[in-house]
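The following exercises practise reading contacts, burial and strand pairing from a structure. Please attempt each task before reading its solution.

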Amino acid sequence: MSEDGVDAGPDAAFEALLGFLKESRGFDFTGYKRSSLQRRVQRRMQQVGVGAFADYLDLLQVDQDEFTHLFDTVLINVTGFLRDPEAWRQLQEEVVPQLLATKTRDEPVRVWSAGCASGEEAYGLAMVLAEAVGFEEFRRRVKVYATDVDEDALSTARAAAYTDKDLQALPAEWRDRYFERTGTRHTFRGDLRRSVIFGRNDLVQDAPIGRLDLLVCRNTLMYLNAETQAEVLRRFHFALNPAGVLFLGKAEMLLSHGRLFLPVDLERRFFRKADRGDGGGRLGAAAGRVPARTGTQEALDDETLRQSPLATIVVTPDEVVARINQRAEAQLGVSPREVGRRFTELELCHRITGLRSAWEDVRRHRTSMWQHEAEFTRSASETLVFDVQIVPLDAGTADGVPVALYFTDVTRYRRMTAELQSAHRQVETAYEELQSTVEELETTNEELQSTVEELETTNEELQSTVEELETTNEELQSTNDELRSMNDELRDRGVALDRANDFLESVLGSLRTAVVVVDTGLIVQAWNGRADDLWGLRSEEAVGQHLLNLDIGLATDEVRPLVREVLQGTPPREDPLRLEAVNRRGRTVQLAISISPLSGRERPGGAIVLMDQVDAPGTPAATP
């Protein structure tokens, strides 16, 4: 307990929690307003059922996933397309055209959306600028940098995909022009998306993005305390170009930062960068009130002026150089011989652009004036840069006023600024290249994933094909076994058939009777040796020929009716037909011809013609 009876424990525990977050995760919340920050942390503590900050710190140490839930609660990502429509209308109709009017068609346009959350504000700025310069100019000139400290929000922003509800605030023609439908979501145009660069940036800790024409930071500063706000605004002032514009949220006024930003439209929170040069009128006024000095004091003043680290020239009301100090001699190349000459005759007036006109304005209006970064070429190889302050020294007379010119050498700062800007450009270029590389790697990863899936599918298809081929091979093997078995059976049958044919030929050849077998068309199917001997035709010549067309000495006209009758199913005659014929030797012989049917399933399949030679009428030839 403290002396006034208030327990200081919770504040100390809360500060310890903030210190732990800074050390472990790099989030510095010390610049946030304690009341709102503490309220959000307590809301998360209530959700997980923790009552004390120390207990919640213990929970963070053992549960790494709790960091994500805490940051989602503290870093409220409340955003949307074209929030505060009147302010966005003025941005589109007045602010952006005025910014573009100060640039040539080849100059880049750089915009920073600080605290972009899920990206709606950044894409809104991209659409406003694309409407102003056209798609071709936008792709060539415009860069929209969008930053936040919430990685989850940045991941959502990089995807650039939004629902119908998210796009309700946009005009219908903008939805059609800038978004492409992908399933249930709308994706921002890819060719314009490449000009919107997302990255992590902590406004409290990280360096700002430089050379900006427009800086949008809406409803973010209000979460920071006064000291942190002042530091962030100084960084914003450094980041903006001289004609740059700052666009804030409705809750942010900048009433105490008039030296940095001047209001363009206070109601809609547009501010322009202010010139930070300090007025010098107070110095002249103070000089006018100095009492009369003694000789010693004047000598002291002369020595002070002579030894001053600033190059100084004093000009009388009648335009004559009255004083020159050592620094002016060394840096500006003027010498004591110049004292007494007219100021306008000094080479210095002609070698520093605008110096003479500025000096005349001070004499005319009797107010101090600054001329920043005035270049003075001292030699072919050396150019110095000065901030020149021109101050009226007293009220003067009706004819004129004495004027002092103070030359502050800023050459080294100019060089350092140029090097810093070059370093910034290199960092930004590297950041853009890194962002592009990351996006290319993500695209390549997606393509590789797709290729892997296709290969897996192909592998499954090949596996299925292999299984089908194995099954087919087994079936072919089975069929081959069956064919081999059938071949063996056919071979056995062929052997049996050959034996039967040999036996039949042996039987037919052993008969003393001429035997001729014909089919139903009277085509000779068999012709034995006795028929060959009787008629003089070999089996090869007779088989396949029509019986009635054979050139043999037999009257076939008498045989034909008998064969036809047998083929038609008529029972054969019991006694043979006796005919006279001429054998192969030309001798007349007597033949006894018998015709028998060749058995078939329903009708005779042919006929068997038996021709026996008889020695005498009524007596058949002997048979074996």
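**Exercise 1.** Leaving aside neighbours within four places in sequence, which residues is Leu537 in contact with?

*Solution.* The model examined here is predicted.
1. Locate the residue: Leu537 is found in the loop between α18 (529-535) and α19 (539-542).
2. List the partners: beyond four places in sequence, Leu537 contacts Trp527, Asp532, Leu550, Asp551 and Ile552.
3. Consider one of these partners, Trp527: 10 residues separate Leu537 from Trp527 in sequence, and their C-alpha atoms are 9.0 Å apart.
4. Assess burial: the relative accessible area of Leu537 is 16%. Buried means under 20%, so Leu537 counts as buried.

**Exercise 2.** Determine whether Arg44 is buried or exposed, and name the residues that Arg44 touches.

*Solution.*
1. Arg44 belongs to helix α2 (residues 34-48).
2. Its relative accessible area is 12%, so Arg44 is classed as buried.
3. Not counting residues up to four places away in sequence, Arg44 touches Tyr56, Glu66, His69, Leu70 and Thr73.

**Exercise 3.** Describe how strand β10 pairs with β8 and with β9.

*Solution.*
1. Strand β10 (residues 270-273) pairs with strand β8 (residues 240-248) in the antiparallel sense, over 3 bridges. Within this pairing, Phe270 is the bridge partner of Phe247.
2. Strand β9 (residues 261-265) also runs antiparallel to β10, and 4 bridges join them. Here Phe270 stands opposite Asp265.
3. Finally, examine the turn: the hairpin of β9 and β10 has 4 residues between the strands, and Arg269 in this hairpin takes a positive phi near 65°.

Terms used. Residues are numbered from 1 along each chain as its sequence is written. This is a predicted model: local features need pLDDT of at least 70, side-chain atom pairs count only at pLDDT 80 or more; totals for chains, interfaces and linings use all residues. Side-chain values use heavy atoms; hydrogens and water are left out. Two strands pair if DSSP finds at least two bridges between them. Helices (H or I, at least four residues) and strands (E, at least two) are DSSP runs, numbered from the N terminus. Buried means under 20% relative accessible area, exposed over 50%, partly exposed in between (1.4 Å probe, protein chains only). Contact means heavy atoms within 4.5 Å.
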